[in-house]
Amino acid sequence: LACFVVDREISEGEELLVDYGMQYCLRNQLPHPDVDPIMRDLAAMSRLAHYEKRLKTLQQDQTFLELPSSPSSERTTQTIEPFLAELGEIEAEGIAGLRLDLTTEFSREQLMDWMGRISAGASQVREALTSLKAN
């Protein structure tokens with residue numbers, strides 16, 4: 001259920017413009033006329049920091065490395081799949097999902113470099129998981 005407050009009556013065929021608010025737009029990477037460019041940059045940096053932290057947690061979690069040397073393929077798949085799913089989310093939302101077009105040119109290069117480091121770390125984890133899955 002949604003409740004809307006309008007400034008005036010909406011005529012038939014007229015469009016309704018909904019303002020979701022600055023926080024919603026920043027969190028979901030949507031343009032908003034009242035959001036300063038620096039705020040969009042900081043939101044993008046915050047997003048990357050969140051996904052970098054998730055990746056570091058995944059890298060530090062040694063449970064996928066402690067699998068028995070000759071596990072059944074079913075057990076290996078069950079153990080590794082959650083890590084691969086988490087990794088996929090980090091890559092899709094944290095790296096590919098970042099809207100650089102909403103950031104300033106000043107921060108874009110720094111953000112792209114940061115994304116590259118996260119991507120490289122994700123690739124290393126994916127390689128380790130894939131080699132475990134293959135054994």
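Read along the sequence, the protein follows the pattern α-α-α-α, with four helices and zero strands (DSSP runs, H or I of at least four residues for helices and E of at least two for strands, numbered from the N terminus). The model is predicted, so that local features need pLDDT of at least 70 and side-chain atom pairs count only at pLDDT 80 or more, whereas totals for chains, interfaces and linings use all residues. Residues are numbered from 1 along each chain as its sequence is written, and side-chain values use heavy atoms, with hydrogens and water left out. The mean pLDDT (the predictor's confidence in each residue, from 0 to 100) is 86, and 86% of the residues reach 70 or more. Among the elements, helix 2 (residues 37–60) has the highest mean value, 94, and helix 3 (residues 73–96) the lowest, 83.

Of the 135 residues, 26% count as buried (under 20% relative accessible area, with exposed over 50% and partly exposed in between, using a 1.4 Å probe and protein chains only). Contacts (heavy atoms within 4.5 Å) between residues at least 6 apart in sequence join residues at least 24 apart in 68% of cases. Helix 4 (residues 105–134) has 30 residues and reaches 43 Å from its first C-alpha to its last, close to the 44 Å expected (1.5 Å times one less than the number of residues). Buried residues in helix 4 include L111, W114, I118, V125 and L129. In the loop between helix 1 and helix 2, Q29 has a phi near 55°, a positive value in a residue other than glycine, and Q29 counts as buried at 12% relative accessibility.

The structure holds six salt bridges (a side-chain nitrogen of Lys or Arg within 4 Å of a carboxyl oxygen of Asp or Glu). One of them joins E91 and R126, with the closest N and O atoms 2.5 Å apart; this pair links distant parts of the chain, E91 in helix 3 and R126 in helix 4, 35 residues apart. E91 is partly exposed, at 22% relative accessible area, and R126 is likewise partly exposed, at 29%. Within helix 4, R117 and D113 lie four residues apart, about one turn of the helix, and form a salt bridge whose closest N and O atoms are 2.6 Å apart. Salt bridges that share partners also join R54, E86 and E89 into one network. In a further salt bridge, the side chains of R8 and E14 meet at 2.7 Å, N to O; R8 counts as exposed at 53% relative accessibility, whereas E14 is partly exposed at 32%.
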